[in-house]
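Work through the exercises below with the sequence and the coordinates side by side, and try each task before reading its solution.

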Amino acid sequence: MIGASDSYVALIWASLSGLLAAVVMTISSRIMKLEQTMHWVLEGFKTMFSALIILILAWSLAKVTDQLHTAGYISMALQGKIDPVWMPPIIFILAALISFSTGSSWSTMAILYPIAIPATYGVCIAAGMDEVTTWPYLYNVVATVLAASVLGDHCSPISDTTILSSMASDCNHLDHVKTQMPYALIVGLVAIICVTMSTLFGGGLMINLGLFIIAFALMYLIIRYKGKMIEGTEYSKK
C-alpha cells in the first residue's frame with residue numbers, strides 16, 4: 001500500500017491541511033484577525049522560498065548528473081586506483097563541503113546519493129569483492145552522506161537552520177556560527193574516524209557498538225577538559 005502510494009500528493013494535502021488547521025486555530029483563538037493571519041501566512045511562504053529554490057536546483061543537478069552518467073564515469077575513473085576502505089571518508093568530506101557551501105543538507109543528499117552509492121559499488125566490485133561483501137560499504141556510504149550533510153548544514157552561515165537558530169535565541173548570527181562550529185567539527189572529526197575504522201574492520205554490531213562507546217567517551221573527555229565556562233553565567237558559578 002505504501003509502495004503504491006503517491007508521496008507527492010500526500011505531502012501536498014498534508015501541508016494544506018496543516019495550514020488550514022493553523023489558520024482556523026489562530027482565528028478561533030482570537031490571536032489574530034483573518035487579515036493579519038493571511039499576512040503572516042504569506043510572510044512564512046517568503047521565508048521558505050529560498051530553500052525551495054535550492055532544492056529545485058539540487059534536484060535539477062541530480063537529474064543532470066544522472067543523464068550524464070556521472071556515477072559510471074567516477075566509478076570507472078576510481079576503479080583500481082583507490083581502496084574501497086577510503087570511499088566513506090572521501091564522501092564524508094565531499095558531502096560536508098557541499099552542504100557547507102549550499103547551506104542545505106537536503107540538496108546535498110539529492111546531489112550525492114545518485115553518485116556516491118553507484119561509485120562505491122563499482123569500486124568494491126573492481127577490487128574483487130562479491131555483492132554480499134559490498135553491503136557494509138554501501139551502508140556506511142548511506143550513513144556518511146546523511147551525517148556529513150547535516151554537519152555541513154549546521155556549520156554553514158547561510159543555512160536556514162543556522163539563521164533561524166540565531167534569530168530564535170536573539171544571538172548575533174556570526175557569533176552563533178563561531179560558537180557552534182567547534183562542537184560540530186569535533187563531532188564530525190570523531191565521526192569520520194569511526195566510519196573509517198568501522199569500514200576497515202568490516203563493521204558488525206559489536207565493532208560499531210564499541211566504536212560508539214569510544215566516540216562517546218572521547219567527546220565527553222574533550223568537552224570536560226578542553227571546554228571553558230563563560231564567566232558571569234549561572235553555570236560558571238557552580
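**Exercise 1: a tryptophan and its partner in space**

Task: decide whether Trp106 is buried, partly exposed or exposed, and place this residue in the fold of the predicted model.

Solution. Trp106 has a relative accessibility of 61%, and because exposed means over 50%, Trp106 counts as exposed. The residue belongs to helix α5, which covers residues 105-126. To relate Trp106 to another part of the chain, compare sequence and space: Trp106 and Trp59 are 47 residues apart in sequence, while their C-alpha atoms are 9.6 Å apart.

**Exercise 2: the overall fold**

Task: state how many helices and how many strands the protein has, and what share of its residues is buried.

Solution. Begin with the count of elements, which gives nine helices and zero strands. Read from the N terminus on, the order is therefore α-α-α-α-α-α-α-α-α. Then turn to accessibility: of the 238 residues of the protein, 30% count as buried, where the cut-off for buried is under 20% relative accessible area.

**Exercise 3: a salt bridge within one helix**

Task: find which side chains meet in a salt bridge, and explain how their positions in the helix are related.

Solution. A search of the whole structure returns one salt bridge. The side chains that meet in a salt bridge are those of Lys46 and Glu43, with an N to O distance of 3.4 Å, and this distance satisfies the criterion because a salt bridge requires the nitrogen to be within 4 Å of a carboxyl oxygen. Side chains of opposite charge can pair when their charged atoms come close. As for the positions, Lys46 and Glu43 both lie in helix α2 and are three residues apart, so they are separated by about one helical turn. The two partners can also be classed by accessibility: Lys46, at 57%, counts as exposed, whereas Glu43, at 27%, counts as partly exposed.

**Exercise 4: a nonpolar patch on the surface**

Task: identify which residues form a nonpolar patch on the surface, and examine Leu52 as one of its members.

Solution. The patch is formed by Met48, Phe49, Leu52, Ile53, Ile56, Leu57 and Trp59, which together have about 730 Å² of accessible area. Leu52 sits in helix α2, residues 34-67. With a relative accessible area of 46%, Leu52 is partly exposed, and the value is compatible with membership because patch residues need over 30% relative accessible area.

**Exercise 5: a backbone angle in a loop**

Task: determine where Arg30 lies and what its phi value is.

Solution. Arg30 is in the loop that runs between α1 (7-28) and α2. Its phi is near 60 degrees, a positive value in a residue other than glycine. Most residues other than glycine have a negative phi. The relative accessibility of Arg30 is 78%, and the residue accordingly counts as exposed.

**Exercise 6: the second largest pocket**

Task: describe the second largest pocket by its volume, its lining and the elements that contribute to this lining.

Solution. The volume of the second largest pocket is about 360 Å³. Its lining has 17 residues, and those closest to the centre are Val190, Ala191, Cys194, Val195 and Leu211. Two or more lining residues come from each of α6 (131-155), α8 (173-200) and α9 (205-226). Sorted by character, the lining of this pocket has 13 nonpolar, four polar and no charged residues.

**Exercise 7: two further pairs**

Task: give the separation in sequence and in space for Ile186 with Ile222, and for Ala22 with Thr37.

Solution. Ile186, in helix α8, is partly exposed at 26% relative accessible area. Ile186 and Ile222 are 36 residues apart in sequence and 8.7 Å apart from C-alpha to C-alpha. Ala22, in helix α1, is partly exposed at 37%, and Ala22 and Thr37 are separated by 15 residues in sequence and by 9.4 Å between C-alpha atoms.

Key
Residues are numbered from 1 along each chain as its sequence is written. This is a predicted model: local features need pLDDT of at least 70, side-chain atom pairs count only at pLDDT 80 or more; totals for chains, interfaces and linings use all residues. Side-chain values use heavy atoms; hydrogens and water are left out. On a 1 Å grid over the protein atoms alone, a cavity is a set of points where a 1.4 Å probe fits but cannot get out, and a pocket is an open set with protein on both sides within 12 Å along at least five of seven lines; lining residues have an atom within 4 Å of a point. Grid points are joined across faces, edges and corners, and a volume is the space filled by probe spheres set on the points. Helices (H or I, at least four residues) and strands (E, at least two) are DSSP runs, numbered from the N terminus. Ala, Val, Leu, Ile, Met, Phe, Trp, Tyr, Cys and Pro count as nonpolar, Asp, Glu, Lys and Arg as charged, and the others, Gly among them, as polar. Patches are made of residues with over 30% relative accessible area and no salt bridge: like charges are joined within 9 Å, nonpolar side chains (Val, Leu, Ile, Met, Phe, Trp, Tyr) within 5 Å. Accessible areas come from the Shrake-Rupley method with a 1.4 Å probe; for residues, only the protein chains shown count as cover. Buried means under 20% relative accessible area, exposed over 50%, partly exposed in between (1.4 Å probe, protein chains only).
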